[in-house]
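Subject: Structure handover

Hello,

Here is the structure for you to take over. Please open it alongside this email, and read on for what was found in it.

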Amino acid sequence: MDDYTQVPNDNLNLQSHTVEMWVYRTGNGGNYPRLFLNGNINTSISICQNSTSQNILYRVSGGTDLITSTDPLTNNTWIYLVFIYDGTTRRIYKDGLEIANYPQAVTIPSPGGSYSYIGGDNSPSSWAGKIDEVRIYNRALSADEINAHYYRRKYSSNTITVTYG
């Protein structure tokens with residue numbers, strides 16, 4: 001299935017930010033399947049999976065600012081992913097643990113399009129699986145906040161919600 005969600009980029013200032021989500025991968029997906037894209041590829045926040053290595057790629061403005069995890073995603077299990085930029089360092093967390101970081105101060109351009117996309121976009125880059133509990137913050141969450149979110153959901157049977165803003 002090639003479904004994705006788009007949300008308006010209105011007032012979405014993400015100079016410092018956190019994007020968190022639960023993902024359930026069922027296969028390879030499209031070409032560099034998108035988890036999150038804030039506008040146009042390579043000019044905004046882009047989170048996708050490398051089609052070959054299955055590692056996660058996190059870019060905030062294009063060019064040489066790519067951060068790559070070294071921990072590939074596996075199929076058929078829920079995984080908690082968090083992507084943080086605090087103004088000086090980008091970090092990737094998987095199941096509450098930091099798995100990659102890259103210190104580099106960059107200016108994040110305004111979104112290059114009208115929408116942010118979750119799970120794909122209008123290209124052949126759809127995510128194969130489920131994405132749930134997506135949250136976007138205009139600040140960097142702390143490691144303690146990330147762990148609290150991970151353990152609250154991991155041991156909860158509550159209904160999952162999607163939050164924007």
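Start at Ile92, which stands opposite Ala100 in β9. Before going further, please note that this is a predicted model. Ile92 and Ala100 belong to a longer match: strand β8 (residues 89-94) and β9 pair in the antiparallel sense over six bridges.

**The overall layout**

The protein has one helix and eleven strands. Read from the N terminus, the elements run β-β-β-β-β-β-β-β-β-β-β-α. The chain counts 165 residues, and 47% of them are buried. The exposed surface is about 7900 Å². Carbon and sulfur atoms supply 46% of that surface.

Contacts reach across the sequence. Take those with a separation of 6 or more: residues 24 or more positions apart account for 66% of them.

**The five-stranded sheet**

Strands β8 and β9 sit in an open sheet of five strands. Its order is β9-β8-β7-β2-β11, and the pairing is antiparallel. Which strands stand at the edges? They are β9 (97-103) and β11 (129-137). Each has a single partner strand, so one side of each is left without a neighbour in the sheet. On average, neighbouring strands here are turned by 15 degrees against each other, direction ignored.

**The six-stranded sheet**

There is also an open sheet of six strands. The order is β1-β10-β3-β4-β5-β6, again with antiparallel pairing. Its edge strands are β1 (5-8) and β6 (67-68), each of which pairs on one side only.

Three of its pairings are worth a look:

- β1 and β10 pair in the antiparallel sense over four bridges. Gln6 stands opposite Tyr117 in β10.
- β3 and β10 run antiparallel and are joined by three bridges. Here Leu37 has Tyr117 in β10 as its bridge partner.
- β3 (residues 34-38) and β4 (residues 46-49) also pair in the antiparallel sense, over three bridges. Arg34 stands opposite Cys48 in β4.

Note Tyr117. Gln6 stands opposite this residue, and Leu37 is bridged to it as well.

**Ser114, just ahead of β10**

Ser114 is in the loop between β9 and β10 (115-118). Is Ser114 buried or exposed? Ser114 has a relative accessible area of 53% and is exposed. The cut-off for exposed is over 50%.

Ser114 still has partners from elsewhere in the chain. Leaving aside neighbours within four places in sequence, Ser114 is in contact with Val7, Pro8 and Asn9. Pro8 is 106 residues away along the chain, yet the C-alpha atoms of Ser114 and Pro8 are separated by 5.9 Å.

**The aromatic residues**

A pair of aromatic rings is described by the distance of the centres and the angle of the planes. Rings count as a pair if their centres lie within 6.5 Å. By this rule the count comes to six aromatic pairs.

One of them is Tyr80 with Tyr150. The ring centres are 5.8 Å apart and the planes stand at 25 degrees, so the pair is stacked. Tyr80 lies in strand β7 (residues 78-85) and Tyr150 in helix α1 (residues 143-154), so the pair ties together parts that are 70 residues apart in sequence. Both Tyr80 and Tyr150 are buried.

Now move one residue along, to Tyr151. The rings of Tyr150 and Tyr151 have their centres 4.8 Å apart. Their planes are at 70 degrees, so this pair is edge-to-face. How do Tyr150 and Tyr151 stand in accessibility? Tyr150 has 8% relative accessibility and counts as buried. Tyr151 has 41% and counts as partly exposed.

These residues belong to one aromatic cluster, formed by Trp22, Tyr80, Tyr150 and Tyr151.

**Charges over rings**

Two further tyrosines have a charged residue over the ring. The charged end of Arg90 sits over the ring of Tyr58, 5.8 Å from its centre. Lys130 lies over the face of Tyr24, at 5.2 Å from the ring centre.

**Where to look first**

Try Tyr80 and Tyr150 for the link between β7 and α1. Then turn to Ser114 and its contacts with Val7, Pro8 and Asn9.

Best wishes

Notes. Residues numbered from 1 in each chain as written. Predicted model: local features only at pLDDT ≥ 70, side-chain atom pairs only at ≥ 80, totals over all residues. Heavy atoms only, no water. Phe/Tyr/Trp six-rings, centres within 6.5 Å; stacked < 30°, edge-to-face > 60°. Helix = DSSP H or I, 4+ residues; strand = E, 2+ residues; numbered from the N terminus. Buried < 20%, exposed > 50% of the residue type's maximum accessible area, 1.4 Å probe, protein only. Lys NZ or Arg CZ within 6 Å of the ring centre and 35° of its normal. Contact = heavy atoms within 4.5 Å. Areas by Shrake-Rupley, 256 points an atom, 1.4 Å probe, with all protein chains shown as cover. Pairing = 2+ DSSP bridges. Axes fitted to C-alpha atoms, helices over the stretch in contact; angles between N-to-C directions.
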